[in-house]
Amino acid sequence: MALVTSLGAEKPVVIFSKSSCSMCHSIKTLIRGYGANATVYEIDEHPKGQQMERELKALSSGRPSVPAVFIGHELVGGPDEIMSLQLKGKLVDLLKKANAIWV
């Protein structure tokens, strides 16, 4: 899990994704829509993608590994957690707290 957690701590927002995943695209679009410049790792195109996927599955208790979103150097979760934060009006505050957006 060292690779994923170290990459997740590099920037205010880090998203692990797959290029063919429609939910991944939706989460990236949502976060970018607020002006956050997320670092995205497309694990199906990355040389260490298989290792990343194994680590993400271990972190997510066997649930689908992508999308996985780190905000403020912490794993927030996947689409369910991100959409829950959005519906509760807490996603923007979390992005601001991580210095990912300024408005």
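Trainee: Leaving out residues up to four places away in sequence, which residues does isoleucine 31 touch?

Mentor: Happy to start there, and keep in mind that this is a predicted model. Isoleucine 31 is one of the residues with the most contacts inside the largest nonpolar core, which has 16 residues. Once residues up to four places away in sequence are set aside, isoleucine 31 touches Val13, Ile15, Ala36, Val69 and Leu95.

Trainee: Which element gives the largest share of that core?

Mentor: Several elements contribute: E1, H2, strand E3 (68-71), helix H4 (79-87) and helix H5 (91-97) each supply at least two residues. The largest share is three residues, and the element that provides them is H2.

Trainee: How many residues does the second, separate core have?

Mentor: This core stands apart from the one we just discussed. Its members include Val4, Leu7, Phe16 and Met52, and its size is 14 residues.

Trainee: Is alanine 38 buried or exposed?

Mentor: Let's place the residue first: alanine 38 lies in the loop between H2 and E2. Apart from neighbours within four places in sequence, alanine 38 is in contact with Val13, Ile15 and Arg32. Its relative accessibility is 10%, and the limit for that class is under 20%. Therefore alanine 38 counts as buried.

Trainee: What distance separates the C-alpha atoms of alanine 38 and valine 13?

Mentor: Along the chain, these two residues are 25 residues apart. In space, their C-alpha atoms are separated by 4.8 Å.

Trainee: Which residue forms a salt bridge with lysine 18?

Mentor: A search of the whole structure finds two salt bridges, and lysine 18 takes part in one of them. This pair links distant parts of the chain, from the loop between strand E1 (13-17) and helix H2 (22-33) to helix H3, 35 residues apart. Lysine 18 is partly exposed at 24% relative accessibility, and its partner is partly exposed at 22%. The closest N and O atoms are 2.9 Å apart, and the partner is glutamate 53.

Trainee: What is the N to O distance in the salt bridge of glutamate 42 and lysine 28?

Mentor: Glutamate 42 sits in strand E2 (residues 39-42) and lysine 28 in helix H2, 14 residues apart. Glutamate 42 counts as buried at 18% relative accessibility, and lysine 28 is buried at 10%. Their side chains meet with an N to O distance of 2.7 Å.

Trainee: Glutamate 55 is buried yet has no salt bridge; how far away is the nearest side chain of opposite charge?

Mentor: Glutamate 55 is in helix H3 (residues 49-59). A polar atom of its side chain lies 2.8 Å from the backbone nitrogen of valine 4. A salt bridge needs the charged atoms within 4 Å. The nearest side chain of opposite charge belongs to arginine 54, and its distance is 6.9 Å.

Trainee: Which two residues are joined by a cis peptide bond?

Mentor: Most peptide bonds are trans. Here we can look in the loop between H3 and E3, where proline 67 is placed. The cis bond has an omega of about -5°, and the residues joined are valine 66 and proline 67.

Trainee: What is the phi of histidine 73?

Mentor: Most residues other than glycine have a negative phi. Histidine 73 is in the loop between E3 and strand E4 (74-77), and it is partly exposed, with a relative accessible area of 43%. Although histidine 73 is not a glycine, its phi is positive, at about 70°.

Terms used
Residues numbered from 1 in each chain as written. Predicted model: local features only at pLDDT ≥ 70, side-chain atom pairs only at ≥ 80, totals over all residues. Heavy atoms only, no water. Helix = DSSP H or I, 4+ residues; strand = E, 2+ residues; numbered from the N terminus. Buried < 20%, exposed > 50% of the residue type's maximum accessible area, 1.4 Å probe, protein only. Lys, Arg positive; Asp, Glu negative; His and termini not counted. Polar contact = N/O pair within 3.5 Å; in protein donor to acceptor, adjacent residues only side chain to side chain. Core = buried A, V, L, I, M, F, W, Y, C linked by side-chain atoms within 4.5 Å. Contact = heavy atoms within 4.5 Å.
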